[in-house]
Amino acid sequence: MKIVVLAGGRSTERNVSLSSSAKVANALRRKGYEVALVDLFLGLPDATDQSMAALFTSQEQDVNLNISDEIMTDDVINALRPDGTTQLFGPNVLKILAMADIVWVGLHGGDGENGKVQAVLDLNNIPYTGSGALASGIAMDKSVSKEIMLYNGIQTARFVNIRKEDSGTVVLPFGFPVVIKPANGGSSVGMYIAKNDDEFKQDLKEAFQFDDEILVEEYIDGREFSMAVVNGKALAAIEIIVTDGWYDFEHKFVTGNTTKFVTPPDIPDDVHDEMKQIALKTFKVLGLSNYGRIDFLWNDNGLYVIEANSLPGMTPLSLMPQEAEADGIRYDDLCDQIVQGQVQALGLKK
């Protein structure tokens, strides 16, 4: 099979996507697939039909990208394209995608996870891994997904939605501390924990740099977990233990931090089983498919779903590969299972 791993894009999580996608591309090549790694935003400006076809056969060496850990802004990303254009799909990207049997969507954040790219692929009859356009958009919009969870009896933190034009008249229905995060974002980019009114005003201002709509949540004090779902099966949970602060962007993707991961976690079997049931239920009510990840907090009041991730990271520090390893699934096999699960679900020719 020919697979395009679609990476990069215009998100603040562009570098996370490139790191994930390089690792996935190498894994799929080792499993025998013909793999092309394509940057959604940069594309291939001078590509010919012959050079595009050759992308799938140039597999002598692993993809080795020099990727920084920085959060990239629009200005920095736009400067990468020399002609000054800013449309999401770069030159010849759709042509290359159409040559594949299936596309691995290796994008993160922004346009990668909000369903827009998936909608374009749907309109062009290009099959891809992960959830569809609608489910992706729902999972990405934290306020919408939380409303759906609450309607279906899934416990999540109380919250309010704040638009930029209303930020001067905010009255919170719960006390400090509070969690502030962009309503449409990921990897904890633009996320803050405010302990008082002064911090709240400053953090809210900072968060609005990443989105025009901000979610403010009641702070839940508890142990933090994540649980991946792959082809209808919930994997072993992983506990995230941060000894110096909280699980922010740096702790997620920068090596050398003081984050500890434990999988399977040291929790009662009945709690672990309940977490699996809730993860599968959340997956179902949000309409997610193929694979994803559900994040949890646990305390004396039970399990709280933080959010759903429709395209979990696959970097060396990402959670889902560690969970799979704990269930006896090696990284290369995990990637293969995701592809083959979607091939079967979509009825594609193997």
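## Close-up views of a predicted model

According to an unreviewed UniProt entry, the annotation "binding site" covers Glu 307 and Asn 309. Keep in mind as you look around that this is a predicted model.

**View 1. Glu 307 and Asn 309 in strand E13.** Let us begin with the two residues named in the UniProt annotation "binding site". Glu 307 belongs to strand E13, which spans residues 302–309, and Asn 309 lies in strand E13 too. Are these residues buried or exposed? Glu 307 has a relative accessibility of 13%, so it counts as buried, the cut-off being under 20%. Asn 309, at 12%, counts as buried as well. Now look at what surrounds them. Setting aside residues up to four places away in sequence, Glu 307 touches Lys 142, Met 149, Lys 181, Arg 293, Ile 294 and Asp 295. With the neighbours within four places in sequence left out, Asn 309 is in contact with Gly 292, Arg 293 and Asp 295. Try finding Arg 293 and Asp 295 in both lists: they touch Glu 307 and they are in contact with Asn 309.

**View 2. Thr 282 in helix H11.** Helix H11 covers residues 269–285, and Thr 282 is found in it. How accessible is Thr 282? Its relative accessible area is 0%, so Thr 282 is buried. Not counting residues up to four places away in sequence, Thr 282 touches Met 149, Ile 154, Ile 294 and Val 305. You have met two of these names already, since Met 149 and Ile 294 also appear among the residues that Glu 307 touches.

**View 3. A three-stranded open sheet.** Here three strands line up in the order E2-E1-E3, with parallel pairing, to form an open sheet. Why is one side of E2 and of E3 left without a neighbour in the sheet? Strand E2 (34–39) and strand E3 (102–105) stand at the edges, and each has a single partner strand, so one side of each has no neighbour there. From one strand to the next, the twist averages 25°. Six bridges pair strand E1 (residues 2–7) with E2 in the parallel sense, and one example to look for is Ala 7, whose bridge partner in E2 is Asp 39. Helix H1 (residues 14–30) packs on the sheet and touches E1, E2 and E3, its direction making about 165° with that of E1. E1 and E3 run parallel and are joined by four bridges. Within E3, Val 103 is the bridge partner of Val 4.

**View 4. Strand E3 and an aromatic pair.** Follow the side chains along E3: Ile 102 and Trp 104 point one way, Val 103 and Val 105 point the other way, and all of them are buried. How many aromatic pairs does the structure hold? There are three. In one of them, the ring centres of Trp 104 and Tyr 291 are 5.8 Å apart and the planes stand at 35°, so this pair is tilted. The pair links distant parts of the chain, with Trp 104 in strand E3 and Tyr 291 in strand E12, 187 residues apart. Trp 104 counts as buried at 2% relative accessibility, and Tyr 291 counts as buried at 1%.

**View 5. Helix H13 and what covers it.** Helix H13 runs over residues 331–346. What distance do its 16 residues reach? From the first C-alpha to the last, H13 reaches 23 Å, close to the 22 Å expected at 1.5 Å a residue. Many names belong on the list of buried residues in H13, among them Tyr 331, Leu 334, Cys 335, Ile 338, Val 339 and Val 343. An α-helix has 3.6 residues a turn, so residues three or four places apart point the same way. What covers the buried residues of H13 includes E1, H1, E3, strand E8 (223–230), strand E12 (291–299) and helix H12 (319–326). Just after H13 comes Gly 347, which takes a positive phi of about 70°.

**View 6. Asp 203 in helix H9.** Our last stop is helix H9 (residues 197–207), where Asp 203 has its place. With a relative accessible area of 13%, Asp 203 is buried. Residues up to four places away in sequence aside, Asp 203 touches Ile 180, Tyr 192, Ile 193 and Ala 194. Asp 203 and Met 191 are twelve residues apart in sequence, and their C-alpha atoms are 8.3 Å apart in space.

Terms used
Residues are numbered from 1 along each chain as its sequence is written. This is a predicted model: local features need pLDDT of at least 70, side-chain atom pairs count only at pLDDT 80 or more; totals for chains, interfaces and linings use all residues. Side-chain values use heavy atoms; hydrogens and water are left out. Two strands pair if DSSP finds at least two bridges between them. Helices (H or I, at least four residues) and strands (E, at least two) are DSSP runs, numbered from the N terminus. Axes are lines fitted to C-alpha atoms, for helices over the stretch in contact, and angles run from 0 to 180 degrees between N-to-C directions. Contact means heavy atoms within 4.5 Å. Buried means under 20% relative accessible area, exposed over 50%, partly exposed in between (1.4 Å probe, protein chains only). The expected span of a helix is 1.5 Å times one less than its number of residues. UniProt positions are given in the numbering used here, feature names are shortened, and annotations may be inferred rather than shown by experiment. Rings of Phe, Tyr and Trp (its six-membered ring) pair if their centres lie within 6.5 Å; planes under 30 degrees apart count as stacked, over 60 as edge-to-face and the rest as tilted.
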